[in-house]
Amino acid sequence: MSQENQQKKVIIVGAGWAGLGATYHLAKQGYDVTLLEAGKYPGGLVAGWQTSTGKSVEAGIHGFWYPYKNIFSLINELNINPFTNWTRSAQYSPAGLEVESPIFQQLPKLPTPLGTFIYTQFQRLPLIDRLSALPLLYSLIDFDNSDDAWQRYDFITARELFKTFGVSQRLYKEAFEPMLLVGLFAPGQQCSAAATLGMLYYFILAHQPDFDVVWCRGTVGEKIFRPWVEKITSLGGKVLAKHKVTDVIVDENNIIKSVVCEDQKFDCDAVIFAVGVTGMKKIVANSPTLQRHPQFRNLHNLGAIDVLATRLWFDRKIHIPRPSNACFGFDDATGWTFFDLNALHDEYQQQQETVVEADFYHANQFLHLDDQEVVKTVHGYLATCIPQFKQAKVVDSSVIRLGNAVTHFAPGSYRYMLRGNTVFKNLFMSGDWIINRHGSWSQEKAYVTGLEAANLAISYLQMGDFANIIPVEVDEVHIQFARNINQLGRNFSQSILPNFWLP
């Protein structure tokens, strides 16, 4: 790389998937990159750490689904082996086992969404209720992840969407709302229909294997982020924890010249923000510079959702049929998952005690309970799902409260979310809540937007090679055909009808 390249300074704020992704690519291009992280460790919400007794904990378990092509490509490039094999999952209610999912890629391929419909093993849900989902397929065809589609569907709640298309009450309560509670982390009446359709299509319905998942064989922080940070450092990138950004300094040309961390100032040629909604709102609240612009002031219209992450150690070995499990019906507006860490994590495989992670989403009512009450509640819920837990005793536990932790894709929120470019010529945005057209979700989307932000910085600074971003797998032929026909019909109706209908 030329000396001119090495002199270009990029400051990146937030060390999660987006920030690390942008930092890594720009470091490979020879930029002087500094990554600022407010927390104690790189990794954001997926960072892991050890307790005072040396036991590993983390802020919730995160899965890696079949369509995470860019993350899997990164793992290959880093030459690490952090993942389990593909796993089967189950779903429980207070009545017991409700659903078991196979490893879809191992079964004969059927045109989407038939494989998901036929191969998923429902224990109690009647066929007539499952068939009530068929009219909903039109909305999945109509929603093509375009800006126009988001604007049409974002003001509708998921519950309204399912009701409009005739989904049965039982199917909604026992299938769709549980998916929302663990996928978008909120009940259907609080979820945007646009986000619902995007999430369901990406994770479940676009292609038969999409719901297949692997898990990290330890904390993501230890298995992935630690070697990744080491690689970034070896390339000359700087990763600075405990650096809370409080403002930016802008010149008369609307270009950011420095990023301020309390009493420190970092000069820069470009800036990438890679923090969650809550973190970004805190930065804006502290920054008179950002508050002058409506697109940043309006971020205060966005919300986030509480998460509770618990880890329990039991005094005996308990047989848990599936390593990953989702649960519904225990609380009206809260979903939760539990994981057999003896099956997933290397450090627990040979232990005689059982180690379980149980994570609660939209956990508002739990955050103010003391640890003892939380552990008692989790123990009782686990015993309802798997009766062997009734005789087991909790010998150790960890309770992590994460207020306003994950993005709330609320109805009407799309108009306030930011895109990669901003009002500042050299400030670029990334994260799972940023608007883009890639089509991915969750960790994969965060990582992809980090690469997209790096590419915007490279384009602005006119140096280096763009990151290669693997697109989402194309729609199956019959879906493409249906969408083309639908779009022709929509275009025709718009050409002859007045444009005064509400979107």
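A search of the whole structure, which is a predicted model, turns up zero disulfides. Cys 327 illustrates the point well: this residue takes part in no disulfide, and the nearest cysteine sulfur, belonging to Cys 385, lies 4.0 Å away. A disulfide would need the two sulfur atoms within 2.5 Å. Cys 327 is also buried, at a relative accessible area of 2%. Another cysteine, Cys 216, is likewise buried, and its relative accessible area is 5%. Cys 216 will come up again below, as one of the residues lining a cavity.

The backbone offers a few places worth a pause. The peptide bond that leads from Thr 112 into Pro 113 is cis, and its omega is near 5 degrees. Pro 113 itself sits in the loop that connects strand E7 (96-101) with helix H4 (114-119). Two residues other than glycine have a positive phi. For Asn 254, phi is near 65 degrees, and for His 362 the value is about 55 degrees. Both belong to loops: Asn 254 is found between strand E11 (247-250) and strand E12 (256-261), while His 362 is found between strand E18 (354-361) and helix H16 (371-385). Their surroundings can be described in terms of accessibility. Asn 254 is partly exposed, with a relative accessible area of 24%, whereas His 362 counts as buried because its relative accessibility is 10%, under the 20% limit.

Strand E7, which precedes the loop of Pro 113, is a good place to begin with the sheets. Five of its six residues are buried, so E7 is largely enclosed by the rest of the structure. E7 pairs with strand E6 (residues 89-93) in the antiparallel sense, over five bridges. The two strands form a hairpin with two residues between them, and Ser 93 and Gly 96 are bridge partners. E7 also runs antiparallel to strand E8 (residues 121-122), to which two bridges join it. In this pairing, Val 99 has Phe 122 of E8 as its bridge partner.

A parallel arrangement appears elsewhere. Five strands make up an open sheet with parallel pairing, in the order E10-E2-E1-E14-E20. Strand E10 (238-240) and strand E20 (427-429) stand at the edges with a single partner strand each, so one side of each is left without a neighbour in the sheet. On average, and with direction ignored, neighbouring strands of this sheet are turned by 20 degrees against each other. The partner of E20 is strand E14 (residues 270-273), and the parallel pairing of these two covers three bridges. Here Phe 273 stands opposite Met 429 of E20.

Strand E15 (residues 303-314) brings the description back to antiparallel pairing. This strand is mostly covered, as 10 of its 12 residues are buried. E15 pairs with strand E19 (residues 394-408) over 11 bridges, in the antiparallel sense, and the bridge partner of Thr 310 in E19 is Val 399. E15 pairs with E18 in the antiparallel sense as well, over eight bridges. In that pairing, Leu 308 stands opposite Phe 360 of E18. E18 is also the strand that comes before the loop holding His 362.

Finally, the interior contains some empty space. Across the whole structure, four cavities of 30 Å³ or more are found. The largest cavity encloses about 110 Å³. Of the 14 residues in its lining, those closest to the centre are Asn 145, Trp 150, Ile 434, Asn 436 and Lys 445. By class, the lining of the largest cavity divides into eight nonpolar, four polar and two charged residues. The second largest cavity holds about 60 Å³. Its lining is formed by Glu 58, Ile 61, His 62, Trp 215, Cys 216, Gly 218, Val 220, Leu 344 and His 345. In this second lining, five residues are nonpolar, three are polar and one is charged. Cys 216 thus joins two parts of the picture, as a buried cysteine and as a lining residue of the second largest cavity.

Key
Residues numbered from 1 in each chain as written. Predicted model: local features only at pLDDT ≥ 70, side-chain atom pairs only at ≥ 80, totals over all residues. Heavy atoms only, no water. Buried < 20%, exposed > 50% of the residue type's maximum accessible area, 1.4 Å probe, protein only. Helix = DSSP H or I, 4+ residues; strand = E, 2+ residues; numbered from the N terminus. Pairing = 2+ DSSP bridges. Axes fitted to C-alpha atoms, helices over the stretch in contact; angles between N-to-C directions. 1 Å grid on protein atoms, 1.4 Å probe; cavity = no way out; pocket = protein on both sides within 12 Å on 5 of 7 lines; lining within 4 Å. Points joined across faces, edges and corners; volume = space filled by probe spheres on them. Nonpolar A, V, L, I, M, F, W, Y, C, P; charged D, E, K, R; others polar.
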